[in-house]
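Reader: Please take a close look at one part, the nonpolar core and the helix packing around it, and set out the terms with their cut-offs.

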Amino acid sequence: ERRHARTMARLAAREGVAVPRCEAGPSHDDLLAVALHNAVEGCVDEAFAALLATAQAHALDDARLRRAFAAIADDECRHGQLAFDVHAWLLARLPSDQRAQVEGARAQALSSLPARAAAVAAATPPGLGWPSPRRAAAMAQRFAAALGAIA
């Protein structure tokens, strides 16, 4: 994530935009909080980000941006896989009521993904390779259906 932030900051600086620094502190969350966060942010958002970054890398004309998003896509694929591995590990350690809560959160994130993807696509400046809002929503719908089928 830090490498992604540095890459995006360099690309933004090239366009005359300064990106503020952001630092995260250590987490003091319990196992359930970690599992909930991982299920939504990792298993859904990071994994879908890999798909989007791949689409961006293929859609961009600028060679520097293509390389940046191809590298980000590779990283996001690894992050998504790590999230699924952690998800399985965490679920094995939670009681059944908490497992159901985590799976419910993941299912909710998947069901809201098409609308969220369309909203981000609509707000993303042109030239960054994002699909149209309609296409982003369709990609998210297919992604959510595929993940829902393997749950």
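Author: What follows describes the core and then the packing of two helices.

This is a predicted model, in which local features need pLDDT (the predictor's confidence in each residue, from 0 to 100) of at least 70 and side-chain atom pairs count only at pLDDT 80 or more, while totals for chains, interfaces and linings use all residues. Residues are numbered from 1 along each chain as its sequence is written, and side-chain values use heavy atoms, with hydrogens and water left out.

The protein averages a pLDDT of 88, with 87% of the residues scoring at least 70; among its elements, H4 has the highest mean, 96, and helix H1 (residues 2-14) the lowest, 68. Where pLDDT is low, the predicted coordinates should not be read in detail.

The largest nonpolar core has 15 residues, such a core being a set of buried Ala, Val, Leu, Ile, Met, Phe, Trp, Tyr and Cys residues joined through side-chain atoms within 4.5 Å, where buried means under 20% relative accessible area with a 1.4 Å probe, protein chains only. Two or more residues each come from helices H2 (31-59), H4 (96-123) and H5 (133-150), helices being DSSP runs of H or I of at least four residues, numbered from the N terminus, and H5 gives the most, with 6 residues. Ala140, one of the residues with the most contacts inside the core, touches Phe48, Leu113, Pro114 and Ala117, not counting residues up to four places away in sequence, with contact meaning heavy atoms within 4.5 Å.

Notes: Buried < 20%, exposed > 50% of the residue type's maximum accessible area, 1.4 Å probe, protein only.
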